[in-house]
Structures are given as structure tokens and as C-alpha cells.
Amino acid sequence: MKNLTLLAGRQWPAEQGHSSILAAATQVNIIENGRCQRCGAFVSAKLPNGKLYCRACIGIGRAVEGNVLVRYLGHAEFPKQKNGGLTWSGHLTSQQEKISAGLVTNFLEKKNSLVHAVTGAGKTEMLFQLIAECMKNGQRACIATPRIDVVNELYPRFKAAFSEIKIGKYHGREFKEPDLDQLTICTTHQLLKFYQAFDLLVIDEVDSFPYVGDPQLHFGAKNAVKTSGVRVYLTATPTADLLEEVKQKKLRLLKLNRRFHGGLLPVPKEKFFLRPFLQKERLHSKLLSEIIKAVESGHPLLLFVPRIEQIPVYLAALRKEHRLQKAQVAGVYAADKQRLEKVAAFREQRLQILVTTTILERGVTFPHVWVIVVAADDAIYTTASLVQIAGRVGRAQHDPTGLVVYCYHQYTKNIKLAVRQIREMNR
Ligand SMILES: [Zn+2]
């Protein structure tokens, strides 16, 4: 029999197993009043046998009418540790310290927070005291983010900072048996597997896809945190509805508009192109010269293209260029099987150019990186994504500047607003 407490705070369709726990758990109809109880979606799809099932959360196992959703509240007990298990010995800047203290106060007063901090402000470090406060009382916390790459980046940093705390990492690309972790770091999709589990839920990059605009993930996030629990949202580009919640006093706003090294955000260079960026398998000479400039300066380059199918075309054109012969290039996109390996290779500077879609627009830090957005006027780039992309650059203390180029045929409102927002933050 599986140790009961390992499943504390989790929910799962009964047919997924752990039947020995049923007696101790709560059981609800997984589809109730035409609504999926796991993700909150209204269901209308039917199986051949006429039973309703939920399409919205099918990725984590099918919820079928008449089946049971098991919720095991259990009692999770964790050792109370002095310092909350925090073994990090770094220092916060005075501005970071203010946010960090504000988060602790809000947590103790059971108030939800929105942290609006510019890209490169050092959000992760500002969370350490907050997490420690939660751990100190033997409570349970979760840091969730819409992006797998962000999960992979956060996990080692928290492991290093809280070496005495049991930390679990969960996302759809890695199967891991449910375990009882005092700190869980996962994608927002994984939250659908939890029920009333956390005393503290932090959602990083809260304004990003797929969490933003996905009511199921919002439903899951709400269910995953205890009714007495506290939520914290982190973003560099808050959405209008979050700011509205601040106005309504449902969220306390903590704002930080300086990077941790005190330097300004790099302001993007706007480059107008009359002819196509790529024609007859050759790059536009203006685009090529920007790329060469980055590579020759020794900076790794992220080249953003709007669509997956453009990646191989750009890769072929880059490989053809004589002056880039020595550069190692690769492309990466969301469903790429080697995504994690390629991102790691780029981080270690074994790759000089990485052609990417918006999956790498945020949450990831590459030392010394420069970026070029090929068709910044494409509708896929929102103001927030353009700001986030620019925010990849100049994050290191000893290299606080760098090149950001938005290439366009048509000047768009989003380009204009992104540049304006960056300038305003710098003021
Ligand atoms: Zn569902």
C-alpha cells in the first residue's frame, strides 16, 4: 500500500489507482452539473457510449461522466526549521529587500500580492524570505509557472538556496510519481492535480501563455491553494485584470522598477525593412550584418521568428553564410524533443545562435545574450512579449547592456508601446 501521506493535497480520477486510500479520501463526481470538477470547464463532448467527458483537461487523464474524482486532504506534516531551511547566503539590494519584506508581511497578514518587477530585477531572490517564512512554520508552498523552461530554471536555484527542504519538480515533459514535498515547483497545468494543498502559492510569469486567458488553469490554481492560503503573482508586464484587482484591493501591489544591478533596461533598436527579411534563401544584408555583429562580438544570439515552420528556413540561410561558418546554430520550439538539451547547450555557449519561437521570450536567463526579433510587427508579438524579449538582455552585473533589435516592415502599435514601456521604466 502506498504511504497515504505522500498523496496529501492531491486529487486524481479514481481509475488512476491508489484505491487503498479511497476510504480515507473525499470522492466527488468528476463531472457534476455539466461541469468538470477538476478544471472547471463546462463539458459537452460525448464518448461513443453517450457519456460526457472533459476535453479541457484531457492531457492529464480523461474525466468521464459517472467516474469519481478522489481528493485526499490528508495531513502533511513537515519539520519546523529555524530559518525555514534557507541556506542562501547572498544579499539583496535595498530595493529587493523592500519587496521581500513586503511579501513576508502580506503573507503573515494573509493578503495576496502582485509583484510588478522589471525583467532582471532578481525576482527569484526576492522570494527566498517569503518561502522561508512558510517553511519555518512547517507549512507547504508551491511555485507554479506556465512555462516548462522556467520550472527548469527555478528548480536548481531553489534547491541550492534551500538545501535542507524537500523540493519536488513536476511538469508534463518529465514523469514523476506524486511525492510529498514541502516546496513544489511545477507548471500551472500540474496544479490541476492538487486540491487544497498549499499554504502559499506563487505564480511566476502570471501574464504569460497558457495561464493567461485560460479559465481552467485559473480554476486549478484557486483549488490548489488552501482556503486559508495566500497567493502571490509575479510579472514584469501585468495584465489589465490584475491591475484591476489591485484597484479593488484584492491584491497588494509591490513594485520594483530597477534591475538588481541598478542598470537601465536596454532600449530596443527599431529597424525598418523595405524588402523581405529572407529572400531566395538568403538573409537580408541588414539583418545579416546585425547577426554577424552579435556573433563576432562573442555574444550568444537569440533570433526570434514568429512561426515554427520558419525555423528550418532561417537555419538553412544562416548555415549558408560564409561569415557565420564557424558559428554553431540550432532552432528550438515548444514541441521540440531536444528542447531542453538545446537550451542547455545555448546557456553553456556551445551554440552561438538559437533560432526560436516565443517559448524563450521570458523566464530564462542566458548570460551575455543579445536578441533580434525578425518580424517584430507580426501579430504574434504582443506588447508584453516584446518587452519580455528585450528583457533577456543585459541582466548580468558585469555586462548590464547589450543589443536588442526589432526588425519590421510595418511599424505597429505593439512595437511602439513596448519601446515606450521600456523607456518609462528607465525614467
Ligand atoms: Zn476538466
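**View 1. Seven strands pair in parallel to build an open sheet, in the order β8-β9-β7-β10-β11-β6-β12.** Strands here are DSSP runs of E with at least two residues, helices are runs of H or I with at least four, and both are numbered from the N terminus. Two strands count as paired if DSSP finds at least two bridges between them. At the edges stand β8 (167-170) and β12 (252-256), each with a single partner strand, so one side of each has no neighbour in the sheet. On average, neighbouring strands are turned by 15 degrees against each other, direction ignored. Axes are lines fitted to C-alpha atoms, for helices over the stretch in contact, and angles run from 0 to 180 degrees between N-to-C directions.

Before you move on, a word on the model itself. This is a predicted model: local features need pLDDT of at least 70, side-chain atom pairs count only at pLDDT 80 or more, and totals for chains, interfaces and linings use all residues. Residues are numbered from 1 along each chain as its sequence is written.

**View 2. Strand β8 meets its partner β9, and two helices pack on the seven-stranded sheet.** β8 and β9 (residues 183-187) run parallel and are joined by four bridges. To find one of these places, start at K169, whose bridge partner in β9 is I185. Helix α1 (residues 94-108) packs on the sheet and touches β6 (113-117), β10, β11 (225-235) and β12. The direction of α1 makes about 165 degrees with that of β12. Helix α3 also packs on the sheet, touching β7 (141-145), β8, β9 and β10, and its direction makes about 160 degrees with that of β9. Contact between residues means that their C-beta atoms, placed from the backbone, lie within 7 Å.

**View 3. Helices α1 and α2 cross at roughly 25 degrees.** The axes of α1 and α2 (residues 123-136) come within 8 Å. The two helices are therefore roughly parallel to each other (angles under 35 degrees count as roughly parallel, over 145 as roughly antiparallel, 65 to 115 as roughly perpendicular and the rest as oblique). Their crossing is right-handed: the near helix is turned clockwise from the far one by less than a right angle, whereas anticlockwise would make it left-handed. Look for Q96, I99, S100, L103, V104 and F107 in α1, which meet E125, M126, Q129, L130, E133 and C134 in α2. This contact has seven nonpolar, three polar and two charged residues. Ala, Val, Leu, Ile, Met, Phe, Trp, Tyr, Cys and Pro count as nonpolar, Asp, Glu, Lys and Arg as charged, and the others, Gly among them, as polar.

**View 4. Domain 2 touches domain 3.** The protein is assigned domain 1 (4-72), domain 2 (82-256) and domain 3 (269-421), with bounds that come from an automatic or database domain assignment. Taken over C-alpha atoms, the centres of domain 2 and domain 3 are 29 Å apart. Here 13 residues of domain 2 are in contact with 13 residues of domain 3. On the domain 2 side, the largest share, four residues, comes from helix α3 (residues 148-161). That side has two nonpolar, six polar and five charged residues.

**View 5. A second open sheet has six strands with parallel pairing, in the order β13-β20-β19-β16-β18-β17.** The edge strands, β13 (269-272) and β17 (329-332), each pair on one side only. From one strand to the next, the twist averages 20 degrees. β17 runs parallel to β18 (residues 353-356), and four bridges join them. V329 has I353 of β18 as its bridge partner. Helix α8 (residues 339-347) packs on this sheet, touching β17 and β18, and its direction makes about 135 degrees with that of β17.

**View 6. Helices α9 and α10 pack at an angle of about 50 degrees.** The axes of α9 (residues 383-390) and α10 (residues 413-426) lie 8 Å apart. These helices are therefore oblique to each other, and their crossing is right-handed. T383, L386, V387 and A390 of α9 make the contact with N414, I415, L417, A418, Q421 and I422 of α10. Seven of the contact residues are nonpolar, three are polar and none is charged.

**View 7. Two loops hold backbone details worth a look: a cis peptide bond and a positive phi.** The peptide bond from F209 to P210 is cis, with omega near 0 degrees. P210 sits in the loop between β10 (198-204) and α4 (215-224). N33, a residue other than glycine, has a positive phi near 50 degrees, and its place is the loop between β3 (31-32) and β4 (35-36).
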